[in-house]
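Trainee: I'm new to this one and would love a guided look. Could we go through it together, one question at a time?

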Amino acid sequence: MAENLPERQTDIGPPHFSKFLPPVIKNNYGQWKYHEIKSPGIMVHVAESGDQVWTVRVATPRLLSTDTIRDYCDIAERHCDGYLRFTTRHNVEFMVDSESKVEPLVNELKEKGYMIGGIGPRISNVVHTQGWVYCHSAATDASGLVKVMMDDLHEYFHTKELPAKVRLAVACCVNMCGAVHCSDIALVGVHKTPPRIEHDKVKNLCEIPSTVASCPTSAISPDPKAKSVKIKLEKCMY
């Protein structure tokens, strides 16, 4: 009886990852013979069947505009049958099933100014937290720090070699949601003084219940008289 039941349909959780694999990867899943790094941003995986997957890795700015995302998708449509993937270090990888497709892909990426690299003994893209663009507890702006870091270190992404792969990260506060605890070199923003309250702006800029709830030590409480909030300094983690 049980085997005749239809497969359960649910919208809970993400779709199964296998639905998004390029056909050549899906057909050779778990049957890879070896991989070889061809250049700082290009590598090839060879399957036991003889099939190949050529990967071109590109650094991303982490916080992406819709224009950039659409551009990535257009490039993937033209060269990769619509497939691409993001790594855990915020690189984007374009994958093709033939060496002959690599050069046209690389040429377009270079023409558009995208930085190819990050494979092998080099730095990977910098992982960072949301910063002021989104997070309400950030002590600093991660995007600015990452821009400065990559401006100075980008040669170690696409040209220069290091003794081993180096993972960089930036966290805007000690919550450290930017994977700094599993990186080789990390910068962490730390609050040194309690936040100052500008009462005349709070009622126009903040939703007081969510502002109160956002404090991990319950140091923030409502101040109905001022139509604002107040801070118990002895509870404040800063």
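Trainee: Is Met176 buried, partly exposed or exposed?

Mentor: Welcome! A word first: this is a predicted model, where local features need pLDDT of at least 70, side-chain atom pairs count only at pLDDT 80 or more, and totals for chains, interfaces and linings use all residues. Residues are numbered from 1 along each chain as its sequence is written, and side-chain values use heavy atoms, leaving out hydrogens and water. Buried means under 20% relative accessible area, exposed over 50%, and partly exposed in between (1.4 Å probe, protein chains only). Because Met176 has 33% relative accessibility, Met176 counts as partly exposed.

Trainee: Where is Met176 placed?

Mentor: Helices (H or I, at least four residues) and strands (E, at least two) are DSSP runs, numbered from the N terminus. Met176 is in the loop between strand S7 (168-171) and strand S8 (185-188).

Trainee: Which residues make a nonpolar surface patch with Met176?

Mentor: Patch members have over 30% relative accessible area and no salt bridge (a side-chain nitrogen of Lys or Arg within 4 Å of a carboxyl oxygen of Asp or Glu). Like charges are joined within 9 Å, and nonpolar side chains (Val, Leu, Ile, Met, Phe, Trp, Tyr) within 5 Å. Areas come from the Shrake-Rupley method with a 1.4 Å probe, and for residues only the protein chains shown count as cover. The patch covers about 390 Å², and Met176 shares it with Val174, Val188, Val190 and Met237.

Trainee: Why is one side of S6 and of S8 left without a neighbour in the sheet?

Mentor: Two strands pair if DSSP finds at least two bridges between them. Here 3 strands form an open, parallel sheet in the order S6-S7-S8. Strand S6 (127-128) and S8 stand at the edges, so each has a single partner strand.

Trainee: Which helix packs on the sheet of S6, S7 and S8?

Mentor: Contact means heavy atoms within 4.5 Å. Angles run from 0 to 180 degrees between N-to-C directions, with axes fitted to C-alpha atoms, for helices over the stretch in contact. The helix touching S6, S7 and S8 makes about 155 degrees with the direction of S7, and it is H4 (residues 142-153).

Trainee: Is His128 buried or exposed?

Mentor: His128 is found in strand S6. Among the residues it touches, not counting those up to four places away in sequence, are Pro61, His90, Val146 and Val170. Because its relative accessibility is 2%, His128 counts as buried.

Trainee: In what order do the strands of the 5-stranded sheet stand?

Mentor: This open sheet has antiparallel pairing. Its edge strands, S1 (32-39) and S4 (84-86), each pair on one side only. The order is S1-S2-S3-S5-S4.

Trainee: Which residue in S5 is the bridge partner of Val56?

Mentor: S3 and strand S5 (residues 91-96) run antiparallel, joined by 6 bridges. Helix H2 (residues 66-79) lies across S3, S4 and S5, at about 15 degrees to S5. In S5, the partner of Val56 is Phe94.

Trainee: Which residue takes a positive phi in the hairpin of S9 and S10?

Mentor: Strand S9 (residues 220-223) and strand S10 (residues 228-231) run antiparallel, joined by 4 bridges. The hairpin has 4 residues between the strands, and the positive phi, near 50 degrees, belongs to Lys227.
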